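Colleague: I'm new to this one, so could you walk me through it? I'd like to start with the ligand and work outwards.

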Amino acid sequence: MKVAIYPGSFDPITKGHLDILKTATEIFDKVIIAVAKNSEKQGFLPTDVRVKLIKESVKDLANVEVDSFEGLTINYAREKGASVLIRGLRAVSDFEYEMQLSQANSALASEVKTVFLTTKPKYNFISSSTIKEIFLNNGDISKFVPEAVNDYLNNSYKC
Ligand code: ADP
């Protein structure tokens, strides 16, 4: 059974993330989408809210598990018996950082392979930081995020 981890901040999850996740579920037997906890960076939404919003957004996908983790991604992958890390690529600007990260992970754990996926063109420009910017300036984010995120931010989020 091929298990893949899709690690990230998901602060919040977007339709770009979801598109990558769906593609990954068609390739691998199980995909664990996991929020990386960063004690140095506070972020926009607390980890438990990010996890809750992901869970609500992936209800229709059978082979997905939602989780969070602390520490090195490769250690988490080993703990979960995963041999693949999924990362997404948008523009050339992502490339340098993602390449560095995958090479560092490969140097630490050569048995864990990074697989890069891309989204449909319509989701390509979406990032969590763009969403935050639009939302905090009273823009409509409904086209860019799953319904659960749109509802949560519009109904429960307090600035
Ligand atoms: P991180 O802080 O680890 O980069 P993110 O939640 O920002 O976490 O992103 C997780 C992964 O998803 C990254 O590999 C990022 O490049 C990818 N990603 C995010 N949005 C998109 C998108 N619209 N198209 C393709 N990949 C994306």
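**Around the ligand**

Modeller: Sure, and keep in mind that this is a predicted model. A good way in is the backbone: a polar backbone atom of isoleucine 126 lies 2.8 Å from a nitrogen atom of the ligand.

Colleague: How much of the ligand's own accessible area does the protein cover?

Modeller: Taken on its own, the ligand has 550 Å² of accessible area. The share of that area covered by the protein is 88%.

Colleague: Which residue has a side-chain N or O atom 2.8 Å from an oxygen atom of the ligand?

Modeller: Arginine 87 has a polar side-chain atom facing a ligand oxygen too, but there the distance is 3.1 Å. The side chain with an N or O atom 2.8 Å from a ligand oxygen belongs to tyrosine 6.

Colleague: Which residues come nearest to the ligand?

Modeller: There are 18 residues around the ligand. By class, this shell has seven nonpolar, seven polar and four charged residues. Those that come nearest are Tyr6, Ser9, Gly88, Tyr123 and Ile126.

Colleague: And which helices and strands each supply at least two residues of that shell?

Modeller: Two strands and two helices do this. In chain order they are β1 (3–8), α1 (15–27), β4 (84–88) and α4 (92–108).

Colleague: Where does the ligand sit, and how much space lies there?

Modeller: The ligand sits in the largest pocket. Pro7, Gly8, Ser9, Arg87 and Tyr97 lie nearest the centre of that pocket, out of 47 lining residues. By class, the lining has 17 nonpolar, 21 polar and nine charged residues. The space in the largest pocket is about 1,200 Å³.

Colleague: Which element gives the most to the lining of the largest pocket?

Modeller: Elements giving two or more residues to this lining include β1, β4, α2 (47–57) and α5 (128–136). The one that gives the most, with nine residues, is α4.

Colleague: What about the loop between β1 and α1: which residue there has a positive phi although it is not a glycine?

Modeller: The phi in question is about 45°. The residue lies in the loop between β1 and α1, and it is phenylalanine 10.

Colleague: Which two residues does a cis peptide bond join?

Modeller: One partner, proline 12, also lies in the loop between β1 and α1. With omega at about 5°, the cis peptide bond joins aspartate 11 and proline 12.

Notes. Residues numbered from 1 in each chain as written. Predicted model: local features only at pLDDT ≥ 70, side-chain atom pairs only at ≥ 80, totals over all residues. Heavy atoms only, no water. Near = heavy atom within 4 Å. Polar contact = N/O pair within 3.5 Å; in protein donor to acceptor, adjacent residues only side chain to side chain. Areas by Shrake-Rupley, 256 points an atom, 1.4 Å probe, with all protein chains shown as cover. 1 Å grid on protein atoms, 1.4 Å probe; cavity = no way out; pocket = protein on both sides within 12 Å on 5 of 7 lines; lining within 4 Å. Sits in = over half its atoms within 2 Å of the grid points. Helix = DSSP H or I, 4+ residues; strand = E, 2+ residues; numbered from the N terminus. Nonpolar A, V, L, I, M, F, W, Y, C, P; charged D, E, K, R; others polar. Points joined across faces, edges and corners; volume = space filled by probe spheres on them.
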